[in-house]
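Hi,

Here is the structure I promised to pass on. Have a look at it first, and my notes on what turned up follow below.

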Amino acid sequence: MYKWAGTVVLLFSVSWAAAQGMPPEADTFLWKAQKSGRPTVYLLGTLHVGKVGAVLPTSFRRALKASRQLVVESDPDQLALPQYAAQAAELSAMMSDKRSLQQSLGEKRLAELNKMGAQSQDGLHFSARQTIAPWVVWLTMQTLYTPKGYSARYGVDNLLMQSARQQGKPIIPMEQLQPLYTIRSIPEDKLLRSLDAQIRYQQALLQDEREMMADYQAGAAKKLWRQVSEPKYMLRYLPEQDKPFWQDMMLNRLLAERNQAWMMQLVSVLPKQPTLVAVGSGHLFGEQGLVRKMRLIGYTVTPVMPSEN
């Protein structure tokens with residue numbers, strides 16, 4: 001359970017631009033940050049789902065090879081380690097609910113979600129008797145429900161961590177349970193209406209995901225940014241009554257606030273040795289993005305183009 005939940009934490013980095021303005025300067029998700037007297041830093045915007053059988057692009061492999069440590073949002077394996085037993089127990093308690101899913105979600109909604117889950121690449125199923133909180137179901141459907149032929153196991157984050165372990169390089173996660181505290185606070189009625197929207201627009205959402213992954217593979221950072229920086233586009237499937245809430249949740253609490261918290265950690269980690277920082281692509285750009293924040297602390301940040309592979 002703990003490794004699965006850790007994977008959910010890793011996956012949930014919404015691909016929203018951090019603010020209006022300041023789009024990517026180049027069509028690439030890999031950036032190089034340099035500062036006099038400091039080791040080189042690579043910033044990599046990732047997509048947390050990939051095509052089954054995918055491998056890391058050459059430029060990503062080279063950035064990892066040139067780095068001595070990998071910094072990521074979250075490490076899925078961390079909670080399984082003995083030293084994190086207390087956090088694992090806390091997560092288990094957070095996920096539990098006194099009600100069964102049949103009681104909290106309703107029989108019809110649960111059946112529709114299971115029908116969708118059966119069609120997903122890795123297969124998802126929720127038992128009517130399970131006593132897990134509705135937010136866990138919502139988060140699972142948001143992150144692990146993928147089109148056929150695509151899987152979170154082949155997301156760039158997972159591929160990078162696998163490669164780093166093979167090379168014996170340390171992996172430094174910036175978060176553990178922190179995002180889950182925020183997600184757990186989402187009112188249940190809003191979660192349920194969001195699930196209903198996902199059921200209603202499931203085919204359109206799957207097509208959006210396919211197109212986003214194709215654009216990512218093509219390095220189309222500017223195109224993706226234009227889409228995800230527009231709230232009307234990103235919120236178009238949600239009920240009108242909930243759109244202001246979700247806009248604040250996604251843009252501020254789950255993106256801008258996390259970026260600020262990460263920078264507080266990075267300023268102490270980056271001076272030590274060459275580092276590759278891999279986070280969801282939406283965290284790189286915009287006024288609150290890591291590219292701009294690195295420049296504000298004196299780094300020169302330049303794009304690494306695919307032609308430089």
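Leaving aside residues up to four places away in sequence, F126 touches L101, L110, N114, V137, T140 and M141. This is a predicted model, by the way, so read everything here with that in mind. F126 belongs to the loop between α5 and α6, and with a relative accessible area of 6% it is buried. One of its partners, L101, is 25 residues away in sequence, with 7.9 Å between the two C-alpha atoms.

A128 is in that loop between α5 and α6 as well. Is A128 buried or partly exposed? Its relative accessibility is 27%, so A128 counts as partly exposed. Again not counting residues up to four places away in sequence, A128 touches S100, L101, Q102 and L110. For a sense of scale, A128 and L284 are 40 Å apart, C-alpha to C-alpha, with a sequence separation of 156 residues.

While I was in that part of the chain I also checked A93, which sits in helix α3 (residues 85-95). A93 is partly exposed, at 48% relative accessibility. From the C-alpha of A93 to that of I132 it is 9.4 Å, and the two are 39 residues apart along the chain.

Now for α6 itself. How many of the eleven residues of α6 are buried? Ten of them are, so the helix is largely enclosed by the rest of the structure. The buried set is P134, W135, V136, V137, W138, L139, T140, M141, T143 and L144. V137, T140 and M141, all three on that buried list, are also among the residues that F126 touches.

The packing of α6 is worth a look too. Helix α6 (residues 134-144) and helix α9 (residues 188-200) have axes that come within 10 Å and cross at roughly 35°, and the crossing is left-handed. On the α6 side the contact uses P134, W135, W138, M141 and Q142, and these meet E188, L191, S194, L195 and Q198 in α9. By type, the residues in this contact split into six nonpolar, three polar and one charged. An α-helix has 3.6 residues a turn, so residues three or four places apart point the same way.

I looked at Q198 of α9 separately. Is Q198 buried or exposed? With a relative accessible area of 7%, Q198 is buried. Its contacts, not counting residues up to four places away in sequence, are M116, M141, Q142, Y145 and L205. M141 and Q142 are the α6 residues in that list that also take part in the α6 and α9 contact.

There is a second helix pair to show you. The axes of α10 and helix α11 (residues 221-228) come within 8 Å, crossing at roughly 145°. M212, D215 and Y216 of α10 make the contact together with K223, L224, Q227 and V228 of α11. That comes to four nonpolar, one polar and two charged residues.

On to the rings. The count of aromatic pairs comes to five. One of them is F29 with Y216, a tilted pair at 4.6 Å centre to centre and 35° between the planes. This pair links distant parts of the chain, with F29 in the loop between α1 (2-11) and β1 (30-34) and Y216 in helix α10 (residues 202-217), 187 residues apart. Both F29 and Y216 are buried. Y216 also appears in the contact between α10 and α11.

Another pair is F245 with W246, and this one is edge-to-face: 5.3 Å centre to centre, 80° between the planes. The two partners differ in exposure, since F245 has a relative accessible area of 22% and is partly exposed, while W246 is buried at 1%. The cut-off for buried is under 20%, so F245 falls just outside it. W138 joins F245 and W246 in one aromatic cluster, and W138 is also one of the α6 residues that meet α9.

Two charged side chains sit over rings. K190 lies over the face of F245, 5.2 Å from the ring centre. The charged end of R236 is over the ring of Y233, at 3.9 Å from its centre.

Happy to talk it through whenever suits.

Cheers

Note on methods:
Residues numbered from 1 in each chain as written. Predicted model: local features only at pLDDT ≥ 70, side-chain atom pairs only at ≥ 80, totals over all residues. Heavy atoms only, no water. Phe/Tyr/Trp six-rings, centres within 6.5 Å; stacked < 30°, edge-to-face > 60°. Helix = DSSP H or I, 4+ residues; strand = E, 2+ residues; numbered from the N terminus. Buried < 20%, exposed > 50% of the residue type's maximum accessible area, 1.4 Å probe, protein only. Lys NZ or Arg CZ within 6 Å of the ring centre and 35° of its normal. Axes fitted to C-alpha atoms, helices over the stretch in contact; angles between N-to-C directions. Left-handed = near helix turned anticlockwise from the far one by under 90°. Contact = heavy atoms within 4.5 Å. Nonpolar A, V, L, I, M, F, W, Y, C, P; charged D, E, K, R; others polar.
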